[in-house]
Every structure is written in structure tokens, then in C-alpha cells.
Amino acid sequence: MEKYTLKNGIKTEIKKNNNTPRTAIVMYSKLNKDEEKAGLYYLLTQMLFQGTKNKTQEEIANELDENAIELTVEKKADYIRFKLLCLNEDINKALEILQDILENSTFNGYKKEILKIKGEFESDLDSAKVQAQDEYYRTIFKNHPYGTGRKEVIEQIDSVTKKDLISAFKEIKYNSQKNITVVGDVDREGIIKMLEKHLESLSVSDNTAERAKVKKLKKNVISIIEKEDANQAQIFKGWIFPSVYSEDYPKIILLNTILGSSGLSSRLFLELREKQGLAYTVRSIFEPFTLIGNFFVYIATEPKNIKTSLNGFEKEINKIMTEIISDEELENAKNNAIGKRQFYSETNLLEASLKGYYEFLGLGFDFEDKLIDSIKTVTKEDIINTAKKYFAVNNALCVLAPKKYLKEAGLLK
């Protein structure tokens, strides 16, 4: 991996993978400001394919399709990510399309897109799981942008104006921290020349506004959704965890693997599904954001099993906090976690996304190798100490189910 800084100040990493027919170009752009109107950034990403001063939406779509170019723009909690994948001979063409979008998007027809987004989100909320998960984030990240869900977007997105979109896009183009990662069978000088040509209008700035801090929970909080037609109870229980910058990050990865992210071999799966038959889906998830992390356990079960499921969660959490795991379980967890991570770089696009993400975070493009080395050194004592450190704090619980079963579980008076 070679590093280079473009004339406009954007740090760029180039990895030459010989004999690969498609090149991936990924650009991360940091979100410096919390959106004042929920849905602004998401609407922005959707509008970037709706037409420019030079081309209509249909012309852009046809040009991408005819040249087998994949171009996506994603809004995440902490950044906007542009992903470009094309045949090696079409890099210049692909960057030309991206340049047009970056420099000439009109944002015309945004009201029509707002209606579309509202319709999609309202449809999403027909799903009991989506409704419960949105409520869980709203509960654990109360009054913070990380907790913004579909409901808030539906309520506020109508107030977004074209002026808001243009202002937000200017902030992203000119004032945000950025980095570009290129992975493919490319010529270094040639790709730099093309990036300089097509992305020269962008710039970076270190004068970033401070985003809102995440407040830790002062007490256990519970959010209940009464849904009479729910065939399954949806249960989310979670804790505020540290971010990717924590020295405990590799330990948390293994903690998550042991508890619920390793599929058939995870403790939650074996105990709550295999032994007790409580659910088809049960797992744990760890999400490291820039500011903080979020660790939660989830189960979809028959409404009559709410109390049993919650007791099962508590039992497994307490167990991992109090009992040293075996050498075999630790070794299996390491093999599982490391094995999964090898898939993260199996294509040029995945590799560009991962290495670019680490550069964006300031951890360095080689952080994945260091992380794997750290995972290998985690001990049994590290697992129990990490569990004690982060699970022995206040948590957030969200349960969706018919009222009758919520009462039976003692969650409603």
C-alpha cells in the first residue's frame, strides 16, 4: 500500500493487486456536524443520482449500466462513503461520472424524493423487528443523532429545503476530513493523474465542529411497544461500549464471538435456541462508532417466552462475567473471529473499504493486521475482565409484544 496526498490535500492510499480486472475506489468523507433535521444526510445521498446540470437521472443510470460501473453513496453514523467499482480500462470514465455528480448535482425534484423516502420508511416500520430496533437505538442513545430512527426522519424530513441540501453538500465537499483508497491492477502515476483531474474541486479542512457527546446511561432504561398483532416478541438489550479506538477492542470482538456472533457455536444460540427452543434468531452484535460503541443481544421469540428469554440473557451475561472460559472455547473463538475477518478483504472493493475506513479513523491502513495479532494474544482472563468492565453498568431494554404478554413478563402494570 502506497500513500500519496493529492494537490487538494486529500490523503490517498493505493494498493496494486495484479491480475484483477476491476478496480475499486472508495472515498470517506467525515460528517463534521450533527444534522439539524433528521433525514437530511440520507436525502442528500439519494439525490446525488437524481440528475446533474449535464445529465438526467436516466442518463446517469444508463451510463453506469452500459459501462458496468457500480457507484454507490452511503450515509453512515459518522461519515458519507462513496464506492466506485469498474473495469480497469474504464477508471477514467467512472471518475468522470463521479466528478459530474460531485460538481453539478442540481437537487431538483427533492420533494418527490422526500415522499419516496417517507413511503419506504413507513413500510419498513411495518416490520416489528425494525420498529423495535429503531426504538432500542432511540432509548440507548436518547437525544443523540446515533438514536435517530425512521420515525424521526418521517416527522422531520418535510422541513428539509433545497438550500439545506446544497449547504450540507458544500460542507462535505469542502470542509470535511477525507481519504481515498484505490485497490486494483493500477498504475500508480496514472491513477493519481486521474484522481487529480476529476476530484480537483474537492478540498479538506481540519476546522471541524465538535459533534454531540454520547451520554452514558444513569440507570437501566426500558422502552415498551405494545403491538397486538405481533406473532413474535422482539427483544433488544444493550450496553454502551467503547469505540474502535479502545485498547479493549480485540477483547470485545472475542467477547461478542463467544456470546452470540459466531452462529451455531455461540453461547446464546446453544442455550436459548438449541437447549430451550426459544427462538430461531438469537445473537449479539457489537457496533463500534467513532464516538462510542454499542453492544446488544437480540432475540425474536414467541410472546409467551419474554421472561424466559430475558432470564436467559441475564444468565449468559452473568456467566461470562464470573466464569473463566475454557482454552478450547477461547481458541475456537479466535479462529472464528480471525476466519471471518479474512473475508473482509477477499475483493478489491472490500479491501478498499476496510483499509480506507481505518485510514479515515486515523488508525492506519495496516490496522487490520495489528488487530488480528492483538486478537491472538487475548487471554481467558482478558475475556472475564472485559465482560465485568462493560456489562456491569446500566443497560437499555426494548421489548415489542402484545400487551397481554408484556404484563405477564412484568413489564407492564
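**Q&A on a predicted fold**

Q: In this predicted model, which strands does helix 1 lie across, and at about what angle does helix 1 run to strand 4?
A: Helix 1 covers residues 40-47. It lies across strand 4 and strand 5, and its direction relative to strand 4 is about 170 degrees.

Q: In what order do the six strands of the open sheet come?
A: The pairing in this open sheet is mixed. Strand 1 (2-5) and strand 4 (70-75) are the edge strands, each pairing on one side only, and they sit at the two ends of the order 1-2-6-3-5-4.

Q: By how many degrees are neighbouring strands of this sheet turned against each other on average?
A: Take the six-stranded open sheet again, with its mixed pairing. Ignoring direction, the average turn between neighbouring strands is 15 degrees.

Q: Do strand 3 and strand 5 pair in the parallel or antiparallel sense, and which residue of strand 5 stands opposite Thr23?
A: Strands of a sheet pair through backbone hydrogen bonds, in either a parallel or an antiparallel way. Here strand 3 (residues 22-30) and strand 5 (residues 79-87) take the antiparallel sense, over nine bridges. Thr23 faces a partner in strand 5, and that partner is Cys86.

Q: What does helix 12 reach from its first C-alpha to its last?
A: Helix 12 runs over residues 327-342, which makes 16 residues. At 1.5 Å a residue you'd expect 22 Å, and the model comes close to that, with 23 Å.

Q: Why do the buried residues of helix 12 line one face of the helix?
A: The buried set is Leu330, Ala333, Lys334, Ala337, Ile338 and Arg341. Look down the axis of helix 12 and these residues line one face, because they all fall within an arc of 120 degrees.

Q: Which residues are exposed on the other side of helix 12, and which helices are included in what covers its buried residues?
A: On the other side, Glu328 and Gln342 are exposed. The cover over the buried residues includes helix 9 (249-261), helix 13 (348-361), helix 14 (367-377) and helix 15 (380-391).

Q: How many salt bridges does a search of the whole structure find, and which residues are linked in a network?
A: The search of the whole structure turns up 30 salt bridges. Salt bridges also join up into a network, and its members are Lys55, Glu63, Lys93 and Glu96.

Q: How many residues apart in sequence are the parts that Asp164 and Lys37 tie together?
A: Asp164 and Lys37 form a salt bridge, with the closest N and O atoms 2.7 Å apart. Asp164 belongs to helix 7 (residues 162-174) and Lys37 to the loop between strand 3 and helix 1, so the pair ties together parts whose separation in sequence is 127 residues.

Q: Is Glu271, the salt-bridge partner of Lys315, buried or exposed?
A: The closest N and O atoms of Lys315 and Glu271 are 3.8 Å apart. This pair links distant parts of the chain, 44 residues apart: Lys315 is in helix 11 (residues 306-322) and Glu271 in helix 10 (residues 267-275). Lys315 has 48% relative accessibility and counts as partly exposed. Glu271 has a relative accessible area of 12%, and under 20% means buried.

Q: How far apart, N to O, are Glu274 and Arg273 in their salt bridge?
A: Glu274 counts as partly exposed at 48% relative accessibility. Arg273 is partly exposed too, at 25%. Their side chains meet in a salt bridge with an N to O distance of 3.6 Å.

Q: Is Phe107 buried or exposed?
A: Most residues other than glycine have a negative phi. Phe107 has a positive phi of about 60 degrees although it is not a glycine, and it is found in the loop between helix 3 (91-104) and helix 4 (110-124). At 3% relative accessibility, Phe107 is buried.

Q: What is the relative accessible area of Asn143?
A: Asn143 also isn't a glycine, yet its phi is positive, about 60 degrees. Its place is the loop between helix 5 (128-140) and helix 6 (150-156). Asn143 is exposed, with a relative accessible area of 76%.

Q: Which residues is Asn395 in contact with, leaving aside its neighbours within four places in sequence?
A: Asn395 sits in the loop between helix 15 and strand 11 (396-401). With a relative accessible area of 12%, Asn395 is buried. Its contacts beyond those neighbours are Leu217, Lys219, Asn220, Val221, Lys237, Gly238 and Trp239.

How values were computed: Residues numbered from 1 in each chain as written. Predicted model: local features only at pLDDT ≥ 70, side-chain atom pairs only at ≥ 80, totals over all residues. Heavy atoms only, no water. Helix = DSSP H or I, 4+ residues; strand = E, 2+ residues; numbered from the N terminus. Expected span 1.5 Å × (residues − 1). Buried < 20%, exposed > 50% of the residue type's maximum accessible area, 1.4 Å probe, protein only. Arc of directions from axis to C-beta. Contact = heavy atoms within 4.5 Å. Pairing = 2+ DSSP bridges. Axes fitted to C-alpha atoms, helices over the stretch in contact; angles between N-to-C directions. Salt bridge = Lys/Arg side-chain N within 4 Å of Asp/Glu carboxyl O.
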